[in-house]
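Student: Please give a close account of the surroundings of the ligand. I would like the description to go from the ligand outward.

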Amino acid sequence: MEALHLAPFDVAALRADFPLLSQEVNGHPLAYLDSTATAQKPAAVLAAMDQYYRTLNANVHRGIYQISEAATAAYEGARRTVGRFIGARSPKEVIWTRNTTEAINLVAQSWGRSQLQPGDRILLTVMEHHSNLVPWQMVAAQTGAQLDFLPIDGAGRLVLDDLASVLTERTRLVAFTHMSNVLGTINPVRELVAAAKQVGATVLIDAAQSVPHLPLDVYDLGCDFLAFSGHKMCGPTGIGVLWGRRELLEAMPPFLGGGDMIRRVGLYESSWNDLPWKFEAGTPAIAEAIGLAAAVEYLQSVGLDAIHQREQQLTELALAQLADIPGLTLFGPPAAERGGLVSLCVAGVHAHDVAAFLDSFGIAVRAGHHCAHPLHDLLGVPATVRASFYLYTTEEEIERLAHALAQVRAVLALD
Ligand code: 7TS
């Protein structure tokens, strides 16, 4: 196999920023190929959170004392940094949540429950992660709305030929993933948004797999809501974002009730705080917001264009190396149409056994249905093995993956 020529990208220097990556597992250097599940954290993120706890730790929006005011400034400054990163026009459009899942549930329960009526339709795709499916099933049961689905073709691309039959005047919401966490497919956002807008539908984008990996601007995409998680973009767990158009957010009722989200509270009724705090009940994830802003600054220093290009080149390399291995089935479209991941099956070997075999070589991949059960039913397999790449992934790690996968059938296949 002739090595593909990759654009210059100082991966060795980047890897030095990630303390976890230097360890050995089962006597081999760790090859962490599961960034789609969660990304590793650079020292700059760990340092920002450490410094917050060492020097500023105090609750926000409350204390009239120095460190509380400084903590509030850092926390709200983080919101501005993250908002600018996705093209938000105001920090009021940026709602902190725990993760993508909570952001989508917020829209489903606040916007969906107050807007949807019996007979309304919600258009999703068959490739959604459970977090962009189950909340809509729940709100459909609560409101009498019904779900429709866009299908995929054999290469894992959305099929838009029959769009007019599923996207009608009754469609109130179109919600889809920007990038599939199983197939890697990058969906045609602008085309879908334009079609949705023609019928007056609101659009939510699950950007859990796109915000970490490619440059993106919410106004350029034209959507109404966009959800993502900090932990998949080199930030901490426990922090995510819902971006929404201000007029929609202003009109929506709160999601959770409690401290911080209120303006005035009486014994029998209350009034709500301004955006964004109306949606942020209780003590927030302060250190995590600060850590996420540090992650954003880190990713920007590398460059999202460079990261995306690099991942597509790594994917091309992986697809080329894996294509030659007998007994492998690869899912998803060509590298140019996808992000940095490869999902596959090995004939005669369960995905979990493949993952355990790879782990014995220090290669960490995910095996299972990746929270996309209906998609796996459609692919006709109970589980896949998924290797995913990020800015710290090396060509050598992909070669090690291909080398180990070339041996797995000889060792484990029953046929
Ligand atoms: N949407 C997509 C497209 C995802 O890939 C994930 C997580 C989520 C939503 C949910 O994100 P969370 O942070 O709220 O959990 N995907 C995966 C994965 O593929 N393996 O582990 C988590």
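Tutor: For the count that follows, Ala, Val, Leu, Ile, Met, Phe, Trp, Tyr, Cys and Pro are taken as nonpolar, Asp, Glu, Lys and Arg as charged, and the others, Gly among them, as polar. The model is a predicted one. In it, 17 residues surround the ligand, and this shell divides into two nonpolar, 11 polar and four charged residues. The closest of the surrounding residues are Thr101, Asp206, Ser229, Arg366 and Arg386.

Some pairs of atoms can be given individually. A polar side-chain atom of arginine 366 is placed 2.4 Å from a ligand nitrogen, and one of lysine 232 lies 2.9 Å from a nitrogen atom of the ligand. In the side chain of arginine 386, an N or O atom is 2.6 Å from an oxygen atom of the ligand. On its own the ligand has 490 Å² of accessible area, and the protein covers 90% of it.

The two arginines lead to helix H12. Strand S16 (366–368) begins at residue 366, and strand S17 spans 384–388; both are among the elements against which the buried residues of H12 pack. The others are strand S14 (341–346), strand S15 (363–364) and helix H14 (395–412). Which residues of H12 are buried? In this helix, which runs over residues 351–359, they are Ala351, Val354, Ala355, Phe357 and Leu358. Because they cover an arc of only 160 degrees around the axis, they lie on the same side of H12. The spacing fits a general rule: an α-helix has 3.6 residues a turn, so residues three or four places apart point the same way.

Strand S14 also holds serine 343, a residue that touches Arg386. Is serine 343 buried or exposed? At a relative accessibility of 0%, it falls under the 20% limit and therefore counts as buried. Its side chain has a polar atom 2.6 Å from the backbone oxygen of valine 182. Apart from residues up to four places away in sequence, serine 343 touches Val182, Thr329, Leu330, Phe331, Thr384 and Val385 in addition to Arg386.

Thr101 and Asp206, also among the closest residues to the ligand, lead to helix H5. Helix H4 covers 100–115 and strand S8 covers 202–206; the buried residues of H5 pack against both, and also against strand S5 (121–125), strand S6 (146–150) and strand S7 (171–177). Within H5 (residues 134–143), the buried residues are Pro135, Trp136, Val139, Ala140 and Thr143. Their arc around the axis is only 135 degrees, so they are on the same side of H5. Glycine 144, with a positive phi near 85 degrees, follows the helix.

Ser229, another of the closest residues to the ligand, is where strand S9 (225–229) ends. Aspartate 224 is in the loop between helix H8 (218–221) and this strand. With a relative accessible area of 5%, aspartate 224 is buried. Its side chain makes a polar contact of 2.5 Å with the side chain of lysine 197. Beyond its sequence neighbours up to four places away, aspartate 224 touches Lys197, Ala201, Thr202, Val203, Trp243, Gly244, Arg245 and Leu248.

On the other side of S9 in sequence, cysteine 234 lies in the loop between S9 and strand S10 (240–244). Cysteine 234 is not a glycine, yet its phi is positive, near 75 degrees; at 0% relative accessibility, this cysteine counts as buried. Cysteine 234 meets alanine 295 of helix H10. The C-alpha atoms of these two residues are separated by 5.5 Å, although their positions lie 61 residues apart along the chain in numbering. Alanine 295 is likewise buried, at 0% relative accessibility. Its contacts, leaving aside neighbours within four places in sequence, are Val45, Met233, Cys234 and Gly235.

Two further loop positions have distinctive backbone geometry. Aspartate 260, in the loop between helix H9 (246–251) and strand S11 (262–265), has a positive phi near 80 degrees and is buried, with a relative accessible area of 16%. Leucine 275 and proline 276 are joined by a cis peptide bond, with omega about 0 degrees. Proline 276 belongs to the loop between strand S12 (270–272) and helix H10 (286–302).

Technical notes:
Residues are numbered from 1 along each chain as its sequence is written. This is a predicted model: local features need pLDDT of at least 70, side-chain atom pairs count only at pLDDT 80 or more; totals for chains, interfaces and linings use all residues. Side-chain values use heavy atoms; hydrogens and water are left out. A residue is near a molecule or strand if one of its heavy atoms lies within 4 Å of it. A polar contact is a pair of N or O atoms within 3.5 Å; within protein, one must be able to donate a hydrogen and the other to accept it, and residues adjacent in sequence count only if both atoms are side-chain atoms. Accessible areas come from the Shrake-Rupley method with a 1.4 Å probe; for residues, only the protein chains shown count as cover. Helices (H or I, at least four residues) and strands (E, at least two) are DSSP runs, numbered from the N terminus. Buried means under 20% relative accessible area, exposed over 50%, partly exposed in between (1.4 Å probe, protein chains only). Contact means heavy atoms within 4.5 Å. The arc is that of the directions from the helix axis to the C-beta atoms.
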